[in-house]
Amino acid sequence: MIGDFARETAVIGAGAWGTALADLLARNGHPVALWAHEPDVAASINEERENRRFLAGARLDAGIRATTDLREAVEGASLVCVVTPSHVLRSIVRAAAPHFERGSTVCVATKGIETDTLALMGDVVAEEAAGHPVVALSGPSFASEVAARQPTAIVAASTDEAASAMVQEAFSNTRFRVYTHDDVIGVELGGSLKNVMAVAAGIVEGVGLGFNSRAALITRGLAEMTRLGNALGATPATFAGLAGMGDLVLTCTGSLSRNRAVGVAVGQGATLEEALAGKETVAEGVTTTRSAHALAAREGVEMPIVATVHRILFDGHPARLAVIDLMARELRAEQDA
């Protein structure tokens with residue numbers, strides 16, 4: 001552990017990523033209260049030291065105490081990490097915020113854009129937990145690999161330097177490196193949009209295309225992400241870092257990516273409903289496709305890959321034809337495209 005202190009911490013959300021982060025905090029010497037929506041998940045963690053439902057096979061640190069009582073989880077915690085699915089984040093933070101410790105820092109590890117408001121997750125938390133410093137945690141990180149203690153590097157972004165430093169210190173160790181950043185919009189947007197691009201990469205694979213096509217998709221996807229980031233006030237260089245290119249490459253190429261897997265199924269001919277059927281975990285790229293498409297329209301930003309994924313997922317446009325449509329777009333200079 002970096003430093004010689006131990007603080008009470010809370011993690012809201014016991015999916016794979018929330019559980020991995022709770023385990024990381026506990027291994028760093030911070031007692032962790034982990035809130036689980038599902039009683040069987042809480043019981044599995046407390047009784048078997050394993051989240052059999054969402055992170056099977058990972059032995060969890062004894063410093064984690066799971067609970068289904070939201071108030072019990074967050075009371076007394078100086079650091080609260082929110083790791084819920086994006087579509088329920090607002091309601092859960094609204095319920096938890098009255099019980100946050102005064103002056104506590106809220107770390108948001110959920111990646112997404114709220115469908116109705118088109119707000120980034122950090123903005124949602126800032127609205128519902130006013131007066132608490134908010135830090136966005138993002139970067140290339142599969143939960144199972146973090147739980148397996150494989151070397152990983154991510155970013156903690158905040159306009160509050162002390163808050164981002166606190167999160168950095170709480171999570172960092174010799175296997176998990178956290179860099180601080182002040183471009184919250186860029187870090188959050190990169191973490192959100194890469195899920196849409198991962199769906200697109202899966203579609204490309206699903207229709208039978210190869211590495212050339214995937215490389216083009218990733219590169220042009222990064223250009224779209226940067227373009228929207230510019231419109232929203234992000235720093236372009238952020239998208240060349242861990243929360244941009246790093247997370248994009250991982251999610252578009254890694255076999256553990258849920259979003260890529262959904263795209264592969266759709267590319268092979270499955271409907272969206274069929275691709276999602278029976279999956280316990282959330283593929284945030286599906287929800288984010290809707291919100292990113294709407295956000296691009298609001299800002300007047302051209303995002304052809306996002307628009308194409310939206311057509312495939314929600315308008316029934318054939319995946320193979322959509323790829324041809326992208327390739328047939330008007331020719332232009334790369335730096336203007």
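**A chat about two arginines, two cores and a helix**

Guide: Let's start at α15, where A319, A322 and V323 are buried. Keep in mind that this is a predicted model.

Visitor: Within what arc do the buried residues of α15 fall, seen down the axis?
Guide: Those buried residues, A319, A322 and V323, line one face of the helix. That's because, looking down the axis of α15, they fall within an arc of 100°.

Visitor: And which helices do the buried residues of α15 pack against?
Guide: We've already met the buried residues, namely A319, A322 and V323. Their packing partners are α8, α11 and α14.

Visitor: Which helix gives the largest share of the largest nonpolar core?
Guide: That core has 43 residues, and I113, L189 and L193 touch the most other members. At least two residues each come from α8 (184-206), α9 (211-232), α10 (242-253), α11, α12 (272-276), α13 (284-299), α14 (304-315) and α15 (319-327). Ten residues, the largest share, come from α8.

Visitor: How many residues are in the second, separate core?
Guide: A20, V83, C107 and A163 are included in that one. The count for this second core is 41 residues.

Visitor: Back to L189: what does L189 touch, leaving out residues up to four places away in sequence?
Guide: L189 is one of the residues that touch the most other members of the largest core. With residues up to four places away left out, its contacts are I113, L120, M225, L228, G229, L232, F239 and L295.

Visitor: Is R260 buried or exposed?
Guide: R260 sits in helix α11, residues 258-267. Its relative accessible area is 12%, and the cut-off for buried is under 20%. So R260 counts as buried.

Visitor: Which side chain makes a polar contact with the side chain of R260?
Guide: R260 also reaches a backbone oxygen with its side chain, that of G254, at 3.5 Å. The side-chain partner, at 2.8 Å, is E205.

Visitor: What is the nearest side chain of opposite charge to R49?
Guide: R49 lies in the loop between α2 (39-48) and β3 (64-67). R49 is buried yet has no salt bridge; a salt bridge needs the charged atoms within 4 Å. The nearest side chain of opposite charge is 6.3 Å away, and that's D61.

Visitor: Which backbone oxygens lie 3.0 Å from a polar atom of the R49 side chain?
Guide: Not counting residues up to four places away in sequence, R49 touches several residues, among them S44, A58 and I64. A backbone oxygen lies 3.0 Å from a polar side-chain atom of R49 in I45, and likewise in I64.

Methods
Residues numbered from 1 in each chain as written. Predicted model: local features only at pLDDT ≥ 70, side-chain atom pairs only at ≥ 80, totals over all residues. Heavy atoms only, no water. Helix = DSSP H or I, 4+ residues; strand = E, 2+ residues; numbered from the N terminus. Buried < 20%, exposed > 50% of the residue type's maximum accessible area, 1.4 Å probe, protein only. Lys, Arg positive; Asp, Glu negative; His and termini not counted. Polar contact = N/O pair within 3.5 Å; in protein donor to acceptor, adjacent residues only side chain to side chain. Contact = heavy atoms within 4.5 Å. Core = buried A, V, L, I, M, F, W, Y, C linked by side-chain atoms within 4.5 Å. Arc of directions from axis to C-beta.
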